[in-house]
Protein chains: 4
Amino acid sequence: MEQKLKFGIIGGGAGSFIADLHRRGALFDGLSTLSAGCFSRDYQKTLSAGKEWGITDTDRLYGTYEEMAQAEGRREDGIDFVIIAAPNDTHYPCARSFLKNGIHVVCDKPLTHTSEQAKELKRLAEEQDLLFAVTYVYSAYPAVRRMRALVQEGVLGKLLTVDVRYVHGYLMSQKKNPHNDAWRFDKSRSGIAYCTADIGTHAEQIISYITGERLDSLCARLEALSTLTELDTNMHALLRYENGMSGMMWCSLIALGHACDLSLGIYGEEAGVEWNRQDAEHFTLCYPDGSRSVYSAQNKPDRDSRDISHCRYPAGHPESVCESFANIYYDFQQALLAKKAGRPYPCRYPDIHDGIRGVQFIEACVKSSALQAWVRV
Amino acid sequence: MEQKLKFGIIGGGAGSFIADLHRRGALFDGLSTLSAGCFSRDYQKTLSAGKEWGITDTDRLYGTYEEMAQAEGRREDGIDFVIIAAPNDTHYPCARSFLKNGIHVVCDKPLTHTSEQAKELKRLAEEQDLLFAVTYVYSAYPAVRRMRALVQEGVLGKLLTVDVRYVHGYLMSQKKNPHNDAWRFDKSRSGIAYCTADIGTHAEQIISYITGERLDSLCARLEALSTLTELDTNMHALLRYENGMSGMMWCSLIALGHACDLSLGIYGEEAGVEWNRQDAEHFTLCYPDGSRSVYSAQNKPDRDSRDISHCRYPAGHPESVCESFANIYYDFQQALLAKKAGRPYPCRYPDIHDGIRGVQFIEACVKSSALQAWVRV
Amino acid sequence: MEQKLKFGIIGGGAGSFIADLHRRGALFDGLSTLSAGCFSRDYQKTLSAGKEWGITDTDRLYGTYEEMAQAEGRREDGIDFVIIAAPNDTHYPCARSFLKNGIHVVCDKPLTHTSEQAKELKRLAEEQDLLFAVTYVYSAYPAVRRMRALVQEGVLGKLLTVDVRYVHGYLMSQKKNPHNDAWRFDKSRSGIAYCTADIGTHAEQIISYITGERLDSLCARLEALSTLTELDTNMHALLRYENGMSGMMWCSLIALGHACDLSLGIYGEEAGVEWNRQDAEHFTLCYPDGSRSVYSAQNKPDRDSRDISHCRYPAGHPESVCESFANIYYDFQQALLAKKAGRPYPCRYPDIHDGIRGVQFIEACVKSSALQAWVRV
Amino acid sequence: MEQKLKFGIIGGGAGSFIADLHRRGALFDGLSTLSAGCFSRDYQKTLSAGKEWGITDTDRLYGTYEEMAQAEGRREDGIDFVIIAAPNDTHYPCARSFLKNGIHVVCDKPLTHTSEQAKELKRLAEEQDLLFAVTYVYSAYPAVRRMRALVQEGVLGKLLTVDVRYVHGYLMSQKKNPHNDAWRFDKSRSGIAYCTADIGTHAEQIISYITGERLDSLCARLEALSTLTELDTNMHALLRYENGMSGMMWCSLIALGHACDLSLGIYGEEAGVEWNRQDAEHFTLCYPDGSRSVYSAQNKPDRDSRDISHCRYPAGHPESVCESFANIYYDFQQALLAKKAGRPYPCRYPDIHDGIRGVQFIEACVKSSALQAWVRV
């Protein structure tokens with residue numbers, strides 16, 4: 001067995017659901033250990049989270065990300081990679097700081113506030129020869145990987161149209177925000193969009209991931225329908241891809257009765273494929289004779305051999321979002337181990353190109369909505 | 001019991017599925033008899049259909065609609081109303097002819113090729129004091145009527161956004177058209193749109209029916225994705241209603257795996273409501289606590305008393321499209337009986353205003369798609 | 001076109017939902033006319049129902065079934081067949097009377113109170129060379145006919161086990177009986193069982209119909225769980241078929257949240273097939289690779305040619321219980337027309353053998369439950 | 001933070017899916033560390049699994065469970081509890097050995113081959129004052145805990161009948177056994193039953209857990225339908241509970257198209273509740289008005305405060321079997337920490353009483369099937 005990787009985390013001190021999922025995902029396959037962190041702006045919270053998460057060396061619990069990036073960059077036994085799972089406005093300065101100190105980065109989405117920032121991070125990562133993952137977690141579900149393989153193999157024939165939606169009702173369902181994330185309502189921290197940035201980017205990325213196609217242009221309408229924020233809480237968009245494929249997107253935080261309801265359909269000349277994350281294990285193939293066949297991603301191939309779909313359990317045991325984070329971290333860490341060993345490595349995780357596209361998508365949506373017109377992405 | 005009404009039919013001679021449904025719907029509640037018809041351009045077909053459908057007096061089987069309109073208009077025992085269930089291009093001349101001869105009209109949708117024609121029919125009907133129904137059949141499902149009542153009672157609170165889709169795959173699934181309706185592929189007969197006119201109008205009407213709201217503007221994209229026709233076979237649209245409510249629509253004839261898949265969601269500040277015609281008996285209310293409650297339209301009220309929802313069977317016996325046609329015809333015929341008896345009558349059926357709105361919707365979609373821009377409806 | 005058949009009805013005067021469905025079913029395909037009836041024990045109700053249903057000759061509206069059987073049997077233009085859609089206790093005497101007067105019979109289920117009575121009816125029908133249908137309506141859904149064809153073709157391989165359930169909650173959901181059928185609570189009218197007889201027989205018949213297999217033995221438990229009646233309102237049974245196939249059955253009137261919820265699964269060595277009447281159009285085939293394929297019975301074959309599945313509408317338009325009744329009546333009437341014309345005719349409708357088996361099934365369940373033991377059917 | 005607990009594992013060396021889930025579950029909440037193990041009969045496999053799982057002290061990797069029980073029992077820093085996740089025949093001797101050496105036990109189900117053995121383990125645990133959990137994992141899903149709370153609060157009223165099924169097709173779907181568990185086909189290792197023991201016990205336990213009711217008697221039929229084993233691969237049972245509640249159970253390994261399909265319905269006089277593990281997050285309440293309301297177990301209460309339902313993620317993120325194992329281990333470890341600290345502790349995990357009942361259930365099923373009769377449990 002190879003030496004384990006070491007990593008640190010930015011964020012998580014305030015009991016963040018997401019930062020803990022990152023931590024579990026990174027640790028899931030036993031390839032790494034959590035060695036450092038700056039979990040909060042409040043150093044006491046960093047200390048207590050560090051204790052809970054088993055970092056015994058308090059020298060490696062830092063007051064600021066900058067301090068952490070510099071110190072870890074200098075240490076002989078410094079972290080191999082950092083996970084940035086703090087509010088959106090931290091992504092750019094944190095990532096830049098760690099890249100400059102020679103540390104590989106895994107960052108949550110949306111990558112940055114502006115596409116200029118995102119492209120600067122790409123330049124930095126390339127200059128420093130560093131890996132950069134962006135955690136579009138839904139594209140790591142086994143069924144999604146299986147659908148991608150089917151589309152790439154041509155099973156659907158020429159792609160005609162896509163339908164994607166990611167719908168929540170939680171913002172309308174409660175007077176108080178249930179997720180401890182008031183920062184999301186604040187434009188200076190969230191960025192130029194909320195719903196579009198937070199979940200719209202997932203919708204954009206999962207279609208690009210499965211089809212391999214890139215957006216050419218779109219016509220979006222963003223609406224601020226919650227009294228909690230001036231930012232968009234509902235968005236609709238018509239889509240046009242470079243290959244001519246059309247599409248429609250709906251993302252919402254105000255559709256009562258829905259929770260994390262991400263669903264998609266991709267229709268080609270020879271078959272269609274559909275998936276709904278609420279039944280994440282299964283996907284449906286639609287055939288020209290009108291029949292619909294439901295497959296379990298976990299049915300085949302053998303779970304004992306790691307394959308493209310990263311199935312971990314037998315059919316009938318749907319995997320949770322935790323295992324999906326683990327899939328991204330598995331691929332990222334395997335690539336990093338290979339790189340350190342001088343072996344070639346495939347990039348099977350969503351990377352900085354996905355991150356840049358996501359920010360460009362947000363910018364195009366905001367612009368289209370303001371102009372009430374189709375715009376190029 | 002009052003004297004039965006008499007009606008005639010235009011169309012159906014070629015084994016049309018739809019014309020036969022109209023006939024069954026009109027006869028379902030025993031309020032009328034089929035007394036005349038011009039079922040085909042081929043008089044032999046009219047004769048044989050007339051025989052099958054029990055018209056013993058061959059004088060009342062006509063070679064042309066014009067002949068029928070004039071003869072029936074002159075007869076002492078002439079038909080009370082005509083059903084126009086022939087291809088789209090016949091709707092306007094037929095309806096005009098029967099109106100001019102003093103005969104009430106039930107016409108299939110889309111009402112006419114142009115909104116000018118539709119408005120002319122409205123003027124004619126008003127001048128002649130004649131009833132005019134347009135058979136938007138989906139709005140007559142008991143569950144849809146129940147949802148309308150809930151929305152009108154304010155159960156949903158302020159309406160925020162709607163989602164409606166009507167998706168077929170049949171045009172892509174077969175090389176030959178399965179529905180004996182090659183005329184639909186011909187612009188001169190179908191009109192300026194195919195998918196948008198044939199099923200998009202249903203989607204527009206059902207939302208207007210339930211919410212009582214009217215479209216203000218839209219941004220549509222129509223695509224001709226079938227080799228069978230130059231007309232649109234797939235359409236997407238962003239919607240904006242006069243009350244500020246937003247919406248999204250997808251209608252398609254090329255989405256494999258779908259058949260008559262009409263579904264809708266209407267989301268307000270206090271509740272949401274959803275319906276899918278494939279499980280037409282039930283509708284779902286979405287509440288702020290995140291729960292979703294499924295109700296049967298047939299559960300209450302008592303089926304023995306005719307009420308707004310027109311339930312005919314006990315819960316668990318979903319009604320077919322046949323009973324929905326019957327619901328429209330029941331309301332139309334009750335209104336006609338009342339009118340003839342000098343009693344006041346409510347207009348509970350979709351009428352010429354729905355018909356005009358449908359044609360305006362088609363025109364707006366075609367214009368928006370050509371301009372690639374938002375347009376007023 | 002052949003001369004239309006003439007039929008009469010016993011029952012329906014009190015606004016019976018079922019009798020009206022029989023009437024609609026018999027008339028659906030235009031093969032017959034309603035010519036006579038004894039719709040109620042109250043002659044005034046018979047008169048008013050007769051008027052509503054268009055029987056102009058009041059000589060043919062009768063005060064008793066006996067009177068009707070004799071008069072119609074004597075008339076030159078007497079009815080060809082009678083529909084018995086009155087409470088269970090009328091089935092045997094009515095059917096006997098019409099058979100003795102040379103009139104073909106369609107009777108609702110359960111056929112009689114005792115299997116001796118049922119067998120006597122069979123003897124009478126054979127002696128008189130008369131057709132006898134029993135309206136097990138669920139076996140006439142297109143999807144059920146399609147499943148039967150698949151099983152008979154061997155697609156499932158050797159049959160291993162079946163699961164069938166027919167579950168209602170209506171008896172528990174209301175203090176008063178919603179269906180105007182208080183007679184069902186009365187043992188002298190309903191027979192030795194209620195739930196088992198009313199819906200258990202449907203469950204027994206549909207499995208026998210699809211698989212072609214007959215029950216060998218069963219172990220049942222009947223429970224009287226409603227204060228409205230001493231009869232069973234819930235039943236469970238373990239099943240053993242003559243071919244060794246095992247099975248399980250649950251029928252209930254007290255399972256809240258369910259309405260007409262008839263579902264079944266049949267599992268063989270090579271495939272399984274499943275159906276739920278709430279989505280009656282579709283059925284599912286289960287394959288050894290774990291996939292599940294959903295087919296529409298209405299997808300193929302062409303609806304223009306009548307075939308085994310009797311599809312009437314295009315895919316996506318599920319048929320209601322009304323069309324299923326029509327399917328039974330279509331087959332029965334075609335057989336009767338053929339018989340009258342001296343042509344050979346297949347028996348494609350559920351007949352007196354299904355009726356006898358149903359009564360034997362009820363008797364076996366009651367006996368098994370009393371003995372708390374397995375019994376032979 | 002209290003000192004972490006230390007535990008060891010029996011089993012898992014051969015790549016067992018289940019043993020790894022136990023390990024993850026025990027570690028999930030950071031309350032313990034894996035300190036010892038005997039992962040295989042092959043010591044080399046134990047060594048390599050130990051290395052993979054981070055046990056650096058090879059003294060604590062043992063050749064036999066007996067050796068491990070004695071050595072760990074003697075060590076000052078010996079394990080607090082052992083997890084037994086090896087084939088069924090090891091449960092009894094292993095558990096006895098660890099109990100005798102003063103070590104708390106978590107054991108997979110079915111607990112033992114005979115109820116005498118199970119009762120002996122109970123006596124031993126009581127004599128030694130040791131905790132004993134049996135990992136009936138399905139009862140630890142948040143939705144199941146929520147349903148239990150509802151039933152205990154009386155929301156369903158008097159309980160009338162239950163329906164439970166746990167259905168797989170995997171044994172029929174492949175010629176070779178896909179799960180590396182050929183030992184299951186061997187009566188000497190599996191015990192007197194296979195399907196009934198492996199999954200039937202889950203079905204028995206989950207109903208007992210939710211309702212608090214105990215089986216009084218049952219009538220079962222076990223069938224050996226696979227060529228791979230002489231043991232039962234399909235079972236049906238009629239159930240009678242001590243409170244008079246009736247029920248029906250179906251468990252199968254040969255029903256094609258199903259995978260881990262555990263579903264249940266519990267029907268009372270005032271409401272019903274239903275759950276299907278394939279959509280584990282949600283449960284349905286069925287009301288007397290016929291409506292069905294779907295709730296997310298994760299919706300409330302606040303995930304920040306651990307409560308009875310142990311929700312870990314926000315609504316819309318269904319938890320996997322991994323989090324359910326973690327729930328059992330959380331409760332077990334909290335009880336153990338409390339016990340060690342001299343604090344009172346509730347038993348919120350399935351314990352040896354569940355284990356004994358499971359074995360008694362198996363024995364009753366086998367006996368009933370052999371006698372073809374109802375038997376007392």
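**Notes on a predicted two-chain model**

1. A good place to start is the beginning of α11(B), where the backbone nitrogen of His353(B) has a side-chain oxygen of Asp351(B) within 3.0 Å. Please keep in mind throughout that this is a predicted model.

2. Following that helix along, α11 of chain B covers residues 352-371, 20 residues in total. From first C-alpha to last it reaches 29 Å, close to the 28 Å expected at 1.5 Å a residue. Just past its end comes Gln372(B), with a positive phi near 50°.

3. Now for how the two chains relate. Chain B superposes on chain A by a rotation of 180° with 0.0 Å of shift along the axis, and the RMSD is 0.0 Å. That is the relation of a two-fold axis. Within chain B, Ala373(B) has the C-alpha nearest the axis, at 3.0 Å from it. Both copies use the same surface, as 100% of the contact residues of chain B recur in chain A.

4. Over in chain A, Thr90(A) is worth a look. Thr90(A) sits in helix α4, which spans residues 88-100 of that chain. Is Thr90(A) buried or exposed? Its relative accessibility is 11%, so Thr90(A) counts as buried, the cut-off being under 20%.

5. What does the side chain of Thr90(A) have beside it? One of its polar atoms lies 2.6 Å from the backbone oxygen of Pro87(A). Setting aside neighbours within four places in sequence, Thr90(A) is in contact with Arg41(A), Ile84(A), Ala95(A) and Arg189(A).

Technical notes
Residues numbered from 1 in each chain as written. Chains lettered and ligands numbered in written order. Predicted model: local features only at pLDDT ≥ 70, side-chain atom pairs only at ≥ 80, totals over all residues. Heavy atoms only, no water. Least-squares fit on C-alpha atoms with pLDDT ≥ 70 in both. Contact = heavy atoms within 4.5 Å. Helix = DSSP H or I, 4+ residues; strand = E, 2+ residues; numbered from the N terminus. Buried < 20%, exposed > 50% of the residue type's maximum accessible area, 1.4 Å probe, protein only. Polar contact = N/O pair within 3.5 Å; in protein donor to acceptor, adjacent residues only side chain to side chain. Expected span 1.5 Å × (residues − 1).
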